Amino acid sequence: MARGKKEERQAAGGMALIAIVGLAIAFLLHMGFLNVVRNGNLLSETNLLFATLIFYSGAAALYLGFGVTGAESYVKFASLATWLGLIANTGAVAHRWYDAGHPPFSNVYEMLLSSVWALAVLTLIAEKKYGVKVIGTVTMPVAIVGVVLMQLLRTEVHPLVPLLQSTWLNVHVTLAILAYATCALSFALAMMFLIQDNMKTETFLAITSASTLAIYASVVLTCFERWGGLSLFAWNQDRKAEIFLSQRVRVFVTVSDLAWLMTLAFLVVAMPLVCYGLARLKNNDRFLTLANHCIFPSILLQAMTLIVLLVRVGDGRYPSPGAGGALPKTLAASPFILTGLVSSIFISLLFLLLVWRRPDLERLLPSPDKLDRLTYRTICLAFPLLTLTIATGAYWANQTWGSYWSWDPKETWAAITWLVYALYLHMRITVGWRGRRAAYFAIAGFAVVIFTFFGVTYLLSGMHAFST
Amino acid sequence: MAANLRSIFHKTWRTFASIESGVVLLILVVILSAVGTIILQRPVTRPEEMQSTYSPQVLWILDAAGLTDVFHSWWFLGLVFLVSLCILAASVDRLPSRWRYFSRPYKYPDEGFRRALQPQKMLALVNREIDQEAGEEPVLAAAERALQSRGYNPERVLHRDQLGIFAERHRISELAVFIVHSSLLLIFFGTIVDGLWGWRGTLNLNEGQSSNIVEMRDGKMRTLPFSIRCESAGQENYADGTPKRWWSRLAVVKAGEDVDKKVIAVNDPLLYSGVRIYQSSYGTGGHFTGLEASYEPGEWGVWSGVVLMGVGLVLVFYLVHVRIWVVPVRDPKTGTLALWIGGSANRNRERLEKRFNDLVASIKDELNPTAGSAPREQLATAVERQGG
C-alpha cells in the first residue's frame, strides 16, 4: 500500500517534471522559430546551434522520461535524439569552419563548439561499442551546459592573429579536445561503475547535495551585496566586453533582491545534506527518507531561481555602486553563474533518476568489473593523447615563443593533469588498485581536467588566456 | 662499520626504488606546481603588479620562501632531481630481473607450470588407429599450422627428449616501461642542459640596422659570434585593421659576409648555428621590428625523449606480449596422447582468453579436417578435457 503511494507520488512528480521540460523545449523551439523568421536563413549557424541544443535537451529529457517510467524505449529514443543533435552539431561546426576560413579552434566559443561535438561522438561510441547505453545521462547534460555557455560568448568570426597561423594550432587543439573528451568519458564510466558497485544511494545523496551546495555557496559568497542584491559584472553591449575601471578592477551592477532568492535556494539545497548528516549521527533512516523528499522541491526552487535570474537580468539597466548611473547587464558577463545554476539542476535531476530507477539503471549497465576495466582502457587511450597534446604544444611554443616550456599556468596545469593520470596508471598497474579507489581517482582526474580547461582560462592569467 | 654503511646505502636505495617514494614525490611536484600557478611569479609579472597584489609583509614572506619564483627555486629543482633519481633507481632495480625474463624465453613449460597456468586446455586425442609412437609428429604439425594461420611464428622446442611448440608475439613489450621511463630521464636531461647552457633574449632592430648583441631578461648582454642585419620589415593587416602578418627580411653576417638570408614571420623563425631568431612583435611607430633570439642546446634531448616516449607508450598500451605453448602429453596409465595448450599475456587478460579460445578451435579444426576439405588422413578426434 505504501509502495503504491510512493509510485503515485513519483508519477505525479515525474509528470510535473516532464511538463516543465516540455515547456522549456517549446520555449526553445519558439525562440528558434523567431530567429528563422528574423534571419530568413534556415541553416544559419545560430539555428544549427539551436537545433543542437534542442536535440541534446530532447535526449536528456528522454533519459528523464526513462527515469519516470522505467521503459527502455525511452533510452533508445534518447540515443536517436543524440544522433540528430550530432548531425546538427556537425552542421554548426562545418558552418563555422567555412565562415571563419579556419577550423573552429581560435577562441573559447569555437573550442566549446568542437568539444561538445567530440563529447557527442564519444557518447555514441560508448553506447554502441562499449554497450553502455545510459552513458548519455551524464554526458548529455555536460554537452547541454556547453551549448548554453556558448550562447553567451562572443561569436564574431575573427581572422587568425599571427600567433595562431600555424598548422600546429589544428594538430595541438584537436589532440587537446580529443584527450579531454576521452577523460570526460572515463569520468562518466567511473560514475556508472560506482552505481553498479552498490555504492549506497545515500552516499550519492551526500555528494549531490554537497556539489549543489558548493555551487550556491560560491554564488552567494561572491555576489551577495549588502542589502540583498546580486552583484554581477557590468557589460558593454556595443564592445561586447566587461567594463573596467582600471586594470583588473571590474565594474559591478547590483540586481536588487536576487541574492535573497539565491540564499533561499542555498538553504533549501543544503537540507538534504543536513538530513544526511543527521541520519548518520543519530543512526536513524527516517532522515534519509526526508532527505530524498527534499530533492524534488529543491529542483523546483532551483528552476524557479534560474527563471527569475533570466527574467530579471534580461537586458535591463541596473545601478552600479562603482561607476555613476545605470549600466547595462547581460548574463554574458557572468557565464559561471548561469553554468553553475544549470549544472546544479542537472546534478539534482540525475540524482532523482538514480533514486527512482536504480534497479532499471543497474539492469541496463554492464557489470561493475567490465565498467572498471572500461574506465581503465579509456584512460589508457586518454594518456597518450594527453602526452601528444603537451608535446605538440611544446613544439609549437618553441617555434613561436622560442621556448618549449615556460611554466605558463595552462602548460603547468596540463602537466599536472598528465601527472595525475600517470599516477592513476601507476596505482593500477604497479600497486594493483581496482574498483572503488580507481574510480575515485578517475573522477578526481577529471576535476583536474575541468580546471585545466576552464579554471586556468578564467581564473589565472598568462599567455594562454585567449578568452578576451 | 662497513656493514652499517652498506645497510644505510641499501636502505636508501630501497627507499628511492620504491613505488611509495615515487608517488609521494609526484604528489609534491603536483602541489608545488599548482602553487606556482596561483601565486604571481616574478619572471612573468611586473614589479608594480606584485606590489599592488600583495601586502609588503606577505610579499616579503613569499619572496623569502621562494614562492614568487617557484619553478627556478632550489627546492623545486631539487624535487625534480629527486624524482629523476627515483625513476632511475626504480628502473635499475627492476631491470636485471626483467632483462633476464626478456632475454631467456621460457619455451618449454614444466609440469608444475602446466598445472597452474590459466588459460589452458587439454585436448585428448582418441583414435585407436593412430600409431601412438608416430602420433606426435602429425599432431605437432597440425598445431603449427593452426598457429601460423593465426599469425604466430611457432618453433619446435626440445626439452629432455620431449618435443613441444612455443610461439610468442611482441616480446619487446616487457621492456616497454623502461623505454617510457628512460625517455622521461632523457627529457629531464635535455631541460637541464638548456637550463645550464641555453639562453633567451630580445634583439630589436630598425630597418637597415644590424646588431650582434642580445639582451637577456635579467638585463645582461650577450654577444653573438655573428650579426643579424634587418634589411626590411613590415606588417600586413586584415581588412578590419587587426594584424595579419609581421615579417622581417634578415641576413646573417659573419666576418663581413652574408652567410644566410631569410624572411621570418611569427611561427617561422631563422635558425643559424643553433641560435633561433624569432619574430615576436612589431613596432607601431617607424620601422622597428621586435625579435627574440634563443639558444637551446638541450633541445634535441627533449625531442628525442618525446619521440621515445611516444614509442614507449605505444609499446606499453598497444603491444601485448603473448606466449603460447603446445605440449603433447601422455597419460601415464593408459598411454593415450593428449595435447596440452596454454597461453599467457602480460596485460589485457580478457582479450587473451578470447584469442586463446579461437586458437584452440583452430587447432581442433586442423586435427579434425571437415569432410569437404582435401583428403588427409584423419589424425585423431580431439576431445576437450579440462585440467592437466
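Two strands are taken to pair if DSSP finds at least two bridges between them. On that basis, in this predicted model, strand β6 of chain B, spanning residues 221–237, is joined to β7(B) by 10 bridges, and the two strands run antiparallel. Within this pairing, Glu236(B) lies opposite Arg245(B) of β7(B). The connection between β6(B) and β7(B) is a hairpin with 5 residues between the strands, and in its turn Gly241(B) has a positive phi of about 95°.

Strand β7 of chain B, residues 243–254, is also paired with β8(B), again in the antiparallel sense, and this pairing extends over 8 bridges. Several partners can be named along the β7(B)–β8(B) pairing: Val253(B) is placed opposite Asp258(B) in β8(B), Ala251(B) faces Lys261(B) in the β8(B) strand, and Trp247(B) has Ala265(B) of β8(B) as its bridge partner. The hairpin formed by β7(B) and β8(B) has 2 residues between the strands, and Ala255(B) in this hairpin adopts a positive phi near 50°.

These pairings belong to an open sheet of 8 strands in chain B, ordered β8-β7-β6-β5-β4-β11-β10-β9, in which the pairing is antiparallel. The edges are occupied by β8 (257–265) and β9 (270–272) of chain B, each of which has a single partner strand, so that one side of each is left without a neighbour in the sheet. From one strand to the next, the twist of the sheet averages 35°.

Helix packing was examined in both chains. Two packed helices are described by the angle between their axes and the distance between the axes. In chain B, helix α1 (residues 2–17) packs against helix α5 (residues 74–103) at an angle of about 100°, and their axes are 7 Å apart. Because angles of 65 to 115 degrees count as roughly perpendicular, α1(B) is described as roughly perpendicular to α5(B). The contact involves Trp13(B), Phe16(B) and Ala17(B) on the α1(B) side, and Leu85(B), Cys86(B), Ala89(B), Ala90(B) and Asp93(B) on the α5(B) side. By class, the residues in this contact of α1(B) with α5(B) comprise 7 nonpolar, no polar and 1 charged.

In chain A, helix α11 (residues 368–401) and helix α12 (residues 409–429) pack at an angle of about 150°, with 10 Å between their axes. Since angles over 145 degrees count as roughly antiparallel, α11(A) is described as roughly antiparallel to α12(A). The crossing of these two helices, α11(A) and α12(A), is left-handed. The residues that meet include Tyr376(A), Ile379(A), Phe383(A) and Leu386(A) from α11(A), and among those from α12(A) are Ala414(A), Trp418(A), Tyr421(A) and Leu425(A). The contact of α11(A) with α12(A) is made up of 12 nonpolar, 4 polar and 2 charged residues.

Between the chains, 28 residues of chain A are in contact with 29 residues of chain B. Helices α11 and α12 of chain A each contribute at least two residues to the side of chain A that touches chain B, and the largest share of that side, 9 residues, is supplied by α12(A). By class, the side of chain A that touches chain B consists of 18 nonpolar, 10 polar and no charged residues.

Technical notes
Residues are numbered from 1 along each chain as its sequence is written. Chains are lettered from A and ligands numbered from 1 in the order in which they are written. This is a predicted model: local features need pLDDT of at least 70, side-chain atom pairs count only at pLDDT 80 or more; totals for chains, interfaces and linings use all residues. Axes are lines fitted to C-alpha atoms, for helices over the stretch in contact, and angles run from 0 to 180 degrees between N-to-C directions. Helices (H or I, at least four residues) and strands (E, at least two) are DSSP runs, numbered from the N terminus. Angles under 35 degrees count as roughly parallel, over 145 as roughly antiparallel, 65 to 115 as roughly perpendicular and the rest as oblique. A crossing is left-handed if the near helix is turned anticlockwise from the far one by less than a right angle, and right-handed if clockwise. Two residues are in contact if their C-beta atoms, placed from the backbone, lie within 7 Å. Ala, Val, Leu, Ile, Met, Phe, Trp, Tyr, Cys and Pro count as nonpolar, Asp, Glu, Lys and Arg as charged, and the others, Gly among them, as polar.
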